[in-house]
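Here is a walk through one structure, beginning with a strand and its neighbours and ending with aromatic rings. Please keep the sequence and the model in view while reading.

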Amino acid sequence: MGNLAPVAFDIETSGLDNQAVVTVAGFSHQLTNWIVLNTGDRHASTDSLTEALNQCTDNQTELTVVASEEKLLRTLGDFADNRIDGDIHYLTAYNGETWNGGFDLPFLRSACIRNDTQWPFGDIAYADTMEATSRFATNNGNDLVGIYNTLIGDDTCDPFTDSEEAVTAFEDGDWLPLLKHNLSDIERTRELAELAGRFVPSSDFSMKNLAPPEVR
């Protein structure tokens, strides 16, 4: 949008109840994807999983494996500080946070509270891809996969047809399908944001700064 390039963001969780945790968080920008996996203190082979993910995409994909939600959140903060430049990037998610709701950012805030960690995103702009793609004619559909298939329609490596499958995959320690699902969603979101950046007026991108007042 304008002179800013989108960095797409998406999380997976172990459910929606009070005990649910962030299991995966991913970013996609330009030619690079980066994903962090929380194994819940179980084993995962970083090298073999990374190799398998890179067979699914033309973008270079990096994987970091951690043992807990707390470590995932701290790793997100390090990534945001070192890889996202507020002068050239804006963060986006699909229904990550809109004027009347959203999922990813509210869930992440609550995760930071229960783990006593800092909010990972500082002085960076955010605009929601779902709101931008509402400016296209999509037969009133608003889910990420449906909108993507309507406007772009490229094949992805997503093995899931339902978000509940991501919950089951985490419970079973079935890491590769879970990671492929997140990879597919961050790339779908980035591609839709790039498409909107070509056709949707800048004034229709509802930009806000993600840094809380006390840390600006």
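How many residues lie between β2 and β3 in the hairpin they form? The model is a predicted one, and in it 2 residues separate the two strands of this hairpin. One residue of the turn, glutamine 30, has a positive phi of about 50°.

The two arms of the hairpin can be taken next. Strand β2 covers residues 22-29 and runs antiparallel to β3, with 6 bridges joining them. Across this pairing, valine 24 of the chain stands opposite leucine 37 in β3.

On its other pairing, β3 meets strand β4, residues 60-66, in the parallel sense, over 7 bridges. Here asparagine 38 has valine 66 of β4 opposite it. Helix α1, made of residues 46-54, joins β3 and β4 in a right-handed β-α-β unit.

Strand β3 itself spans residues 32-38 and is mostly covered, with 7 of its 7 residues buried. In a regular strand, side chains alternate between the two faces of the sheet. In β3, Thr32, Trp34, Val36 and Asn38 point one way, while Asn33, Ile35 and Leu37 point the other way. The residues of both sets are buried.

The aromatic rings come next. There are 11 aromatic pairs, counting rings whose centres lie within 6.5 Å. In one of them, phenylalanine 9 and phenylalanine 27 have ring centres 5.0 Å apart and planes at 35°, so the pair is tilted. This pair links distant parts of the chain, since phenylalanine 9 belongs to strand β1 (residues 5-13) and phenylalanine 27 to strand β2, 18 residues apart. Phenylalanine 9 is buried, with a relative accessible area of 1%, and phenylalanine 27 is buried too, at 0%.

Another pair has a different label: the planes of tryptophan 119 and phenylalanine 121 are at 85°, so this pair is edge-to-face. The centres of these two rings are 5.6 Å apart. Tryptophan 119 and phenylalanine 121 are both buried.

These rings belong together in one aromatic cluster, formed by Phe9, Phe27, Trp34, Phe79, Trp119 and Phe121. Trp34 brings the account back to β3, where its side chain points the same way as those of Thr32, Val36 and Asn38.

Charged side chains also lie over rings. Arginine 109 lies over the face of tryptophan 119, at 4.8 Å from the ring centre. The charged end of arginine 42 sits over the ring of phenylalanine 170, 4.8 Å from its centre.

Technical notes:
Residues are numbered from 1 along each chain as its sequence is written. This is a predicted model: local features need pLDDT of at least 70, side-chain atom pairs count only at pLDDT 80 or more; totals for chains, interfaces and linings use all residues. Side-chain values use heavy atoms; hydrogens and water are left out. Buried means under 20% relative accessible area, exposed over 50%, partly exposed in between (1.4 Å probe, protein chains only). Helices (H or I, at least four residues) and strands (E, at least two) are DSSP runs, numbered from the N terminus. Two strands pair if DSSP finds at least two bridges between them. A crossover is right-handed if, with the strands pointing away from the viewer, the path from the first strand over the helix to the second runs clockwise. Rings of Phe, Tyr and Trp (its six-membered ring) pair if their centres lie within 6.5 Å; planes under 30 degrees apart count as stacked, over 60 as edge-to-face and the rest as tilted. A charge sits over a ring if NZ of Lys or CZ of Arg is within 6 Å of the ring centre and within 35 degrees of the ring normal.
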